[in-house]
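I opened my notebook beside the model and jotted down what I looked up, one entry at a time. Follow along with the structure on your screen.

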Amino acid sequence: MKKTTLKSDIVDALSLQDLCRFCHADETWVVDLVEHGVLEPMGSTSGNWRFVGTSIARAKKARRLNRDLGINTAGVALVLDLLEERDTILRRLAQHEPV
């Protein structure tokens, strides 16, 4: 039996290169996501960009939409915005429903 150790899998931030490896994508694709407003990196240039929390999750979803469904970058931006809007509406609705 394998011995398990406590290890934190939480990542504070990913560089552009790390995000590309995480999403199995090239830098051009990630830069395109930034240009379309899908991702909001911290940092002024792509060489020092850092992606945190929401941007990491959005990048992974964007990659799946692109890879699995063939959706282009503009379409990915639209789909992710609509999904977030839906989630917000569902949360607001859940607050008003009796348990």
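**Helix 3 and its cover.** I began by asking what covers the buried residues of helix 3. In this predicted model, the cover includes strand 1, helix 1 (16-23), helix 2 (27-35), strand 2 (50-51) and helix 4 (73-96). I listed the buried residues of helix 3 next: Ser 55, Ile 56, Arg 58, Ala 59, Ala 62, Arg 63 and Leu 65. Then I checked the length of helix 3, residues 53-69. Its 17 residues, at 1.5 Å each, should span 24 Å, and the end C-alpha atoms are indeed 24 Å apart. Just after helix 3 comes Gly 70, with a positive phi near 70°.

**Helix 4.** I ran the length check again here. The 24 residues of helix 4 should span 34 Å at 1.5 Å a residue, and I find its end C-alpha atoms 35 Å apart, which agrees. Which residues of helix 4 are buried? I noted Thr 73, Gly 75, Val 76, Ala 77 and Leu 80. Helix 2 and helix 3 are among the elements that cover them.

**The whole chain.** I stepped back to count elements and found 4 helices and 2 strands. Along the sequence they follow the pattern β-α-α-β-α-α. The protein has 99 residues, and 29% of them are buried. I also looked at contacts between residues at least 6 apart in sequence: 49% of these join residues at least 24 apart.

**Aromatic rings.** I searched for aromatic pairs and the structure holds 1. The partners are Trp 49 and Phe 51, with ring centres 5.9 Å apart and planes at 80°, so I wrote the pair down as edge-to-face. The cut-off behind that call is an angle over 60 degrees. Are these two residues buried or exposed? Both Trp 49 and Phe 51 are buried.

**Charges over rings.** I looked for these as well. The charged end of Lys 60 sits over the ring of Phe 22, at 4.7 Å from the ring centre. Arg 63 lies over the face of Trp 29, with 5.3 Å to the ring centre. I had already met Arg 63 among the buried residues of helix 3.

**Ser 15.** I picked this residue from strand 1, which runs over residues 14-15. Ser 15 has a relative accessible area of 11%, so I count it as buried. What does Ser 15 touch, leaving out residues up to four places away in sequence? My list reads Trp 49, Arg 50 and Phe 51, and two of those names, Trp 49 and Phe 51, are the partners of the aromatic pair. The side chain of Ser 15 also reaches the backbone nitrogen of Asp 18, at 3.1 Å.

**His 24.** I went to the loop between helix 1 and helix 2, where His 24 lies. Its phi is positive, about 55°, although His 24 is not a glycine. For context, I reminded myself that most residues other than glycine have a negative phi. His 24 has a relative accessible area of 60%, so I marked it as exposed.

**Confidence.** I closed with the pLDDT. The mean for the protein is 86, and 87% of the residues reach 70 or more. Over residues 1-8, though, the pLDDT is below 50. Beyond near neighbours in sequence, I find 0 contacts for this stretch in the model.

Methods
Residues numbered from 1 in each chain as written. Heavy atoms only, no water. Phe/Tyr/Trp six-rings, centres within 6.5 Å; stacked < 30°, edge-to-face > 60°. Buried < 20%, exposed > 50% of the residue type's maximum accessible area, 1.4 Å probe, protein only. Lys NZ or Arg CZ within 6 Å of the ring centre and 35° of its normal. Polar contact = N/O pair within 3.5 Å; in protein donor to acceptor, adjacent residues only side chain to side chain. Contact = heavy atoms within 4.5 Å. Expected span 1.5 Å × (residues − 1). pLDDT = per-residue confidence, 0-100.
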